[in-house]
Amino acid sequence: MTRRTSCWTSLIVFLLISTTIFNSSMSELDSGLSAKRRRMSEKVRKMFYHAYDNYMTYAFPHDELKPISKTFTDSLSELGNLKLENLPQGYNGSALTLVESLSSLVILGNNTEFEKAVMWLSENLNFDVDARINLFECNIRLLGGLVSAHILATDSTNRLIQGTYNNQLLVLAQDLGTRFLPAFNTPTGLPYAWINLKYGVMENETTETSTSGCGSLILEMGALSRLTGDSRFEDAALHAVRKLWAMRSSLNLLGTTLDVATGEWIEYSSGIGAGVDSFYEYLIKAHILFGKEEFWRMFQSAYLAVQKYFRYGSWYHEADMRTGRATYWQLTSLQAFWPGVQVLVGDVAAANLTHREFFHVWKKFGVLPERYLLDHQIVHPTEKYYPLRPELAESTYYLYQATKDPWYMEVGETIVNSLNLHTKVEGGYASVKDVTTMQLEDHQHSFFLAETCKYLYLLFDDSALTGQNYVFTTEGHPLPVMSDWHERLPDSYIPRNWTSIKIETQKKQASAMSMQVCPANLLNRGHDGEQIESVCHVPDTRDDHRCSTDDDCGIDSTNCRRRSCSIAGYCGLWLFI
Ligand code: DMJ
């Protein structure tokens, strides 16, 4: 054998060996990941049932579980004073946690328990009660839970409730939605935050509400209208969105609280967290669900304003809607939903950056504090709690769907382990009262079952969603994306639970669940076949990129960072933050 032949032989042998090693290490990696997926989904399944079974044992049919004292609460804390003494005889709460668990039971594949729950609710739920409830909370939890469960119960692919289900949940949802309508009877059409289910708006009711409270009702009420053919629900919610949007500042920013009688803002400072969060979320999700360009236009302007005025590096602070000047430099636990929204519009890189920061704070404390002061890097003195919120798990799930990067499963595992270590008690999962001491509070919120457990489970096992195309409401209840709910159909489409868009000769599928890109990005795309531009792009004021101040500079399209003006007078990413 010549020296040259031997070199070639060695190279081929080397390549064969390394390919075999590479292939086998890849398959080891794959099987390692599958094993992890199985192990973790099992762990989350057990978490769900620990919370659910304890609720059913100690709290049902009341609203929520007190896991430490193994008793119940009917105050529905955030929902208002739906107190037991106000309820008719024999009526024991709204079984809120059961309603909130319905879609999670389907995702976990427990059709038997789902059917049992649906039948119980059909026979026992009654909204004719003298109770003052919070419209937003009641909408996202009860109405959303019922509408979503009705769709799941009647979905032929699920083969649920054979023969026994006659739209009872939809009838209940329609009754509840009708009880909401008097809230919209205001001079502005913006709904009151509180309403009595039996008597409507109470005398001397407060006219103050929040942006999310009056502006994020469109998914549930829109779906209710589509299902019942009664347009009043969608009309009322849509009117409120339009009115709120008309109240934006010249910077396209909204405040946090307002007066529904006068249409005046009360709190001008706002951000992406408490009091505003789901307003942004519902603009993009309503566009995906109803295919309405109007929602996309509102969302796009609102999103650009958020990126421009609230974003600082990977963080989001609050700012005055009139001037855009920063007001509070605080991270709030609720803001952690934002990377999930960014995934829906295709800004995955920006989502990843922000998500990492939230995870960093989670690891620092073991859970996320409700409020964290960014400039001092300390927990807010009076908001040290963690009520089992889902937002970080939710964003982790979306980012995993978009990237399939196994690192997000590590994040999920950390979240699961922290929850079991710090919040699991014999009678369920308890909220954390103080993240600095891990002292617990006797409350298992219903969203722990509707959202936290659901997103964690879906992170490790999304098989229940295969071939489905859902949008999740802000409370984690799935609503199917159907072409026949779309106002403006794409060029070509398959008339089922999927939206398929034809661009030139190329047929592309766009889906909120495939997470590749929001349909609007494809629809709004130019004819030149250029790559879809990031939705966060804000061009510099001048074409030659010259500037006098930072205000002349926009948002960089590739990484969504705010550009600043250099000493030499050029816009760019000069400050790495
Ligand atoms: C949930 O009820 C919803 O996600 C809502 O939009 C915000 N707050 C809670 C969970 O943290």
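## Ligand contacts and the setting of serine 216

In this predicted model, the side chain of glutamate 391 places an N or O atom 2.8 Å from an oxygen atom of the ligand. Two further residues have a polar side-chain atom that can be listed by its distance from an oxygen atom of the ligand: arginine 389 and threonine 474. The table gathers the three distances.

| Residue | Distance from its side-chain atom to an oxygen atom of the ligand |
|---|---|
| Glutamate 391 | 2.8 Å |
| Arginine 389 | 2.7 Å |
| Threonine 474 | 2.6 Å |

The ligand taken alone exposes 290 Å², and the protein buries 93% of that area. The residues around the ligand are Ile140, Leu334, Arg389, Pro390, Glu391, Phe447, Glu451, Thr474 and Glu475. Sorted by class, this shell comprises four nonpolar residues, four charged residues and one polar residue.

A second site to examine is serine 216. This residue lies in the loop that joins helix H6 (211-215) to helix H7 (218-228). Is serine 216 buried or exposed? Its relative accessible area is 0%, and because a residue under 20% counts as buried, serine 216 is buried.

The side chain of serine 216 has polar partners. One of its polar atoms lies 2.5 Å from the backbone oxygen of serine 212. The side chain of serine 216 also makes a polar contact, at 2.9 Å, with the side chain of serine 278. Leaving aside residues up to four places away in sequence, serine 216 touches Phe136, Asn139, Thr211, Ser278, Phe279 and Tyr282. Serine 278 thus appears both as a polar partner and in this list of touching residues.

Notes. Residues numbered from 1 in each chain as written. Predicted model: local features only at pLDDT ≥ 70, side-chain atom pairs only at ≥ 80, totals over all residues. Heavy atoms only, no water. Helix = DSSP H or I, 4+ residues; strand = E, 2+ residues; numbered from the N terminus. Buried < 20%, exposed > 50% of the residue type's maximum accessible area, 1.4 Å probe, protein only. Polar contact = N/O pair within 3.5 Å; in protein donor to acceptor, adjacent residues only side chain to side chain. Contact = heavy atoms within 4.5 Å. Near = heavy atom within 4 Å. Areas by Shrake-Rupley, 256 points an atom, 1.4 Å probe, with all protein chains shown as cover. Nonpolar A, V, L, I, M, F, W, Y, C, P; charged D, E, K, R; others polar.
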